[in-house]
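Trainee: I should like to go through the terms used for this structure and to ask what each one rests on.
Mentor: Please proceed, and we shall set each value against its criterion.

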Amino acid sequence: MNSIRDTIFIREKLGAVKLYRSNLLKILWAIQDEYRHIPQRFIRYLCDRTELTPEAIHSVVSFYHFFSLEHRGDITIYLDTSITSEMTGAAEVRKAFEDELGIKVGEVTSDMQFGLFETSCMGLSDQGPAALINHRPATFLTAKKVSDVIKLYKSGSKLPRFPKANILKSGPIFFQEIKAKKLLKKLFTYDPVDVVELVKQSGLKGRGGAGFPAGIKWEFCRNYEGPRYLFANGDEGEPGTFKDRALLMKSAKSLFLGMIIAGYALGAMRGYLYLRAEYFYMLESLEEVLTKLRRKGLLGQQILGSNFSYEISIKFGAGAYICGAETALIESAEGKRGEPRNRPPFPAQNGYLGKPTAVNNLETLCNLPVLIDKGLDWYMQFGTQESTGTKLISVAGDCDKPGVYEFEHGVSVQDILNIAGAKNTRAVQISGPAGTLIASNEFDRKICFEDLPCGGAFTIFNDDRVILEIIKNHANFFMEESCGFCVPCRAGTVLINELLDKTLAGKGVAKDLEQLNEIANIVNIASRCGLGRTAGNPIIQSLEKFRDSYDKRVSQELEFISEFDLEESLRKAREGIS
Amino acid sequence: MTDEVTITIDGESIKVPANQPLIATVAKLGHYIPTLCDYKDLMPAGTCRICTVKANGKFQTACMLITSEGLEVENSSDEVLDLRKSILEMMFVEGNHICPVCEKSGNCDLQSIGYRYQLTVHKFPHLYPKRKLDASAPNLMVEYNRCIQCRRCIRGIRDEDDNAFFFFENRGYNVKLVIDPSMFDKLTPQIANAAAKICPVGALMKKEPGYQIPIGKRHYDKPPKLKSEEKTHE
């Protein structure tokens, strides 16, 4: 360390963070934000003070999208590549940024002021085309607005911190006023096992999409000796999902109370909120809510005079969809590459730092305060037999009113389309690319665990949309976000993209479609984790439901069309001659 | 004393010790399940997926499966074999595996399984990635064209303090094996030998010797063994 800047940075920023492996992502973020990259001298600094080697740190840095060994510009712009951004004009916005800055995506201006990059869905699908500029959201972008934004940053100003929360319909469960002290007093009249029992009886299932009963998860976890940990999974990365954004912005207190309730039920000493980096604009406001709770004695030692001591802190993601998978999230929280673990052992037995750990979706946890407050009978009046309660839906795409809606479980797809003002709808992607693509003959299906489980995303496509382009966007997403650990997902997602490109270029034959289907099935059957095992879904489902979109693009007569283009191959040589 | 359980493999009922990894357990009884990433006593990783079987109706990798009473394993049905062939093909097309010019030819597990499953012409498109060779480390070089990212070297090659020599960088299709430069001093010829040996393909090659064993005398050059004589962990 040589410069004064380094010395001050270390004293003021790094000095406050303990140099544990489990803090590695937090430390790397501090460095990335200050220096716009991870300088080698800081890698050496960390190695001198920990047991890590430089290569061990490189391997982590290179896994996460937002960390870089090369300078990303003082003002780093990440363009959203999700389908909803593409549908609302991301191509023009991309070009406007490139023209305005005189660089291409992936480059930094020569004065290092601006860097332009792309990233997967950032939880702003209702406000696209979107971008993140030094952690702040730029929404509803147009070519004109791009120019204004650049001027704004050149003048030293910043965009507003928050996007619109955009809650268009709230119901009985979420976004409620809660009297925290009264609630926790009531909580402590229960025995922890009674809370587990209550949640089991309520039928509350995981809201991330998989639908595992929350109470049973805790019960498993309680079977193992502590210390136990609770994680709130705030890595909402499934393209088209942004309901956690609304909860974090407008309902942070409920979330933290839910984490206290879950922690109490689990017998945990500590709860962590794993926050995706795309939501860092909420970090300060979340910390403020935590500080208030601490000040009121609702966090810390012997809360409200009970025997329950509990702290909550925030863990940082750094741009990896895979970290939404619970074992990958735990690896990431330990400061490692976010690669899912092999199971068993399950996190309930061997989770964070090898201890029993429960990972719950944010939305699941936000159910707990009202459940405790208003009781089982009140809670169970909502929803269906197997899907109690309500569901937050992130409605986006082709409709008049994209935003966050709270619906009772059992609501039909058609009802949601009507309320959101969707017309001439051709298809809806439920739960994002990993979920279910449904066609118009299925719009009477219901959002609930018995029929169509929904992780939150509800993305609408009308008759003018080209299904194959949507599928290509989703296939690309899986290729970008595959961790690369196992063969079928790593190679299969690339092969799928190759064949889709070929089909979109008009060079496909009927046999290619059979092969696409075959590869997608292999990816789904043979991959190691949940990401891989759903990465084939877009292909399999679209081939089944929208076969005509493929058939009209491939030759039915020819068995082979050469991808070799003589003119194109000779072009460079010819240009060289002339 | 270990408990015995009865499992069936391709309809044949056999008694095996309980709670043991399926792949090694049935190999001892002459049932061949191919593997590329599983190796002797290393913790199973499940990277290659080539040992996928259908167990109790579900596709699972045999390296991760634990023997238990009543386990029904499908190991040689057409469905399982077709799946394995396809996974194997994926490995071939995602890298650049040019057997005729590879020093490991005849000693290569990937090639051997390729022969076993009679891979001739690939149905999937070749990706022909541009990959370089890295010879910056002492005694050992990395031929990236051949690496199948099995992680045997990451798990198996460590110094006396259990520090790893090998790491992965990047993610997805860009995942890349790297030898930790800070471990170069410890990368002795013995370690390099062990690394080249643990590598199932020709990605980790000891520097200098090249084609030491002549063609015709290599491990898989021998006439094919009967299935029942096959050992999986060699």
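Trainee: What percentage of the contacts in chain A between residues at least 6 apart in sequence join residues at least 24 apart?
Mentor: In this predicted model, the share is 72%. A contact here requires C-beta atoms within 7 Å of each other.

Trainee: Why is chain A called as compact as a globular protein of its length?
Mentor: For 578 residues the globule rule gives 25 Å, and the radius of gyration of chain A is 24 Å; the two values are close, so the description applies. The C-alpha trace spans about 85 × 65 × 45 Å along its principal axes. Chain A has 25 helices and 15 strands, and buried residues make up 53% of its 578 residues.

Trainee: What makes B:Ile215 count as exposed?
Mentor: The cut-off for an exposed residue is 12 or fewer other C-beta atoms within 10 Å. B:Ile215 has 9 such neighbours, and therefore counts as exposed. B:Ile215 lies in the segment after strand S10 (204–206) of chain B.

Trainee: With which residues is B:Ile215 in contact, leaving aside its neighbours within four places in sequence?
Mentor: Those residues are B:Gly106 and B:Asp221. As for B:Glu103, it is 112 residues from B:Ile215 in sequence, and their C-alpha atoms are 9.8 Å apart in space.

Trainee: Why is B:Asn170 called partly exposed?
Mentor: A residue is buried at 20 or more neighbours and exposed at 12 or fewer, with partly exposed in between. B:Asn170 has 16 other C-beta atoms within 10 Å, so it is partly exposed. This residue is in the loop between strand S8 (166–169) and strand S9 (176–179) of chain B.

Trainee: What is notable about phi in B:Asn170 and in A:Gln302?
Mentor: Most residues other than glycine have a negative phi. Phi of B:Asn170, however, is positive, near 65°, and A:Gln302, also not a glycine, has a positive phi of about 40°. A:Gln302 lies in the loop between helix H13 (283–295) and strand S9 (311–316) of chain A. With 11 C-beta neighbours inside 10 Å, A:Gln302 counts as exposed.

Trainee: Which residues does the cis peptide bond with omega of about -5° join?
Mentor: That bond joins A:Arg343 and A:Pro344. Another cis peptide bond, with omega about 5°, joins A:Pro344 and A:Pro345. Most peptide bonds are trans. A:Pro344 lies in the loop between helix H14 (326–333) and strand S10 (357–361) of chain A, and A:Pro345 is in the loop between H14 and S10 as well.

Terms used:
Residues are numbered from 1 along each chain as its sequence is written. Chains are lettered from A and ligands numbered from 1 in the order in which they are written. This is a predicted model: local features need pLDDT of at least 70, side-chain atom pairs count only at pLDDT 80 or more; totals for chains, interfaces and linings use all residues. Helices (H or I, at least four residues) and strands (E, at least two) are DSSP runs, numbered from the N terminus. The radius of gyration is taken over C-alpha atoms; the globule rule is 2.2 Å times the number of residues to the power 0.38. Two residues are in contact if their C-beta atoms, placed from the backbone, lie within 7 Å.
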